[in-house]
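Me: I should like to go through the assignments for this model and ask what each one rests on. Please set the values against the criteria where a criterion is needed.

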Amino acid sequence: ISDEPVPEKLVRKMTDVIAHRGPDDYGLHIEAGIGLGHRRLSIIDLSKLGHQPMASSDGQIYIVFNGEIYNFLELREDLIKKGYTLKSNSDTEVIIYLYMEYKEKCLSFLRGMFAFSIWDKRDGTVFIARDRIGKKPLYYHDNGKSLVFGSELKSILEDPSVKKEINYEAMY
């Protein structure tokens with residue numbers, strides 16, 4: 001992760017072009033080297049506690065999540081038994097604490113359709129994943145200097161560093 005700031009205006013533009021995907025809520029988290037934006041369609045935990053980007057209680061993990069985790073209630077109970085305190089009834093928060101407990105292996109516990117990104121301030125990593133079948137879209141562009149991702153290509157194309165040309169070799 002770079003120390004260069006991610007322009008808030010860019011993250012807003014990237015989320016504005018997909019406003020139709022999440023008309024119920026909108027959120028940003030921007031700090032040195034990272035910008036997360038989210039558009040929310042409220043399905044589980046309709047309260048403000050389900051707002052995204054969502055942070056862990058210690059503020060070290062941030063997530064943006066699209067989808068539904070079908071077994072989140074069972075996973076939530078297991079996390080509580082392990083000593084975690086969850087403040088919402090959202091599947092999003094369950095993913096945060098599964099990640100804290102198991103890191104990337106958290107994927108093996110998730111049943112559902114999902115795409116998410118986790119910013120881990122503890123080690124400066126970004127972890128993006130989607131469900132095994134690819135039900136929820138996740139597009140990304142990695143140019144070696146930055147990682148740009150979104151649930152639609154038009155979000156990524158808002159970033160001026162992303163070339164807007166066809167890669168015929170990849171297409172072939």
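**Sheet, hairpins, rings and pocket**

Reply: In this predicted model, four strands form an open, antiparallel sheet in the order β3-β4-β5-β6.

Me: What makes β3 and β6 the edge strands?

Reply: Each of the two, β3 (54–55) and β6 (125–130), pairs on one side only.

Me: How do you know that β3 and β4 are paired?

Reply: Pairing requires at least two bridges found by DSSP. Two bridges join β3 to β4 (residues 61–69), so the pair meets that criterion. The two strands run antiparallel, and M54 has I63 in β4 as its bridge partner.

Me: What joins β5 to β6, and what lies between them?

Reply: Six bridges join these antiparallel strands, with F116 opposite A129 in β6. The two strands form a hairpin with four residues between them. In the turn, G124 has a positive phi of about 70°.

Me: Which helix lies across this sheet, and at what angle to β4 does it run?

Reply: Helix α3 (residues 91–102) lies across β3, β4, β5 (112–120) and β6. Its angle to β4 is about 125°.

Me: What pairing is found between β7 and β8?

Reply: β7 and β8 (residues 147–150) pair in the antiparallel sense over four bridges; the bridge partner of Y139 in β8 is G150. They form a hairpin with four residues between them, and G144 in the turn has a positive phi of about 90°.

Me: How many aromatic pairs are there, and why is the pair of Y84 and Y97 called tilted?

Reply: The count comes to five aromatic pairs. For Y84 and Y97, the ring centres are 5.5 Å apart, and the cut-off for a pair is 6.5 Å. Their planes stand at 50°; stacked needs under 30 degrees and edge-to-face over 60, so this pair is tilted. Y84 lies in the loop between α2 (72–81) and α3, while Y97 is in helix α3, so the pair ties together parts that are 13 residues apart in sequence.

Me: Which elements give two or more residues to the lining of the second largest pocket, and what is the character of that lining?

Reply: The second largest pocket holds about 330 Å³ of space. Its lining includes Y140, H141, L153, I156, K163, E165, N167 and M171. The elements that give two or more residues to this lining are β7 (139–142), α4 (153–156) and α5 (168–171). By class, the lining residues divide into eight nonpolar, two polar and two charged.

How values were computed:
Residues are numbered from 1 along each chain as its sequence is written. This is a predicted model: local features need pLDDT of at least 70, side-chain atom pairs count only at pLDDT 80 or more; totals for chains, interfaces and linings use all residues. Side-chain values use heavy atoms; hydrogens and water are left out. On a 1 Å grid over the protein atoms alone, a cavity is a set of points where a 1.4 Å probe fits but cannot get out, and a pocket is an open set with protein on both sides within 12 Å along at least five of seven lines; lining residues have an atom within 4 Å of a point. Grid points are joined across faces, edges and corners, and a volume is the space filled by probe spheres set on the points. Ala, Val, Leu, Ile, Met, Phe, Trp, Tyr, Cys and Pro count as nonpolar, Asp, Glu, Lys and Arg as charged, and the others, Gly among them, as polar. Contact means heavy atoms within 4.5 Å. Axes are lines fitted to C-alpha atoms, for helices over the stretch in contact, and angles run from 0 to 180 degrees between N-to-C directions. Rings of Phe, Tyr and Trp (its six-membered ring) pair if their centres lie within 6.5 Å; planes under 30 degrees apart count as stacked, over 60 as edge-to-face and the rest as tilted.
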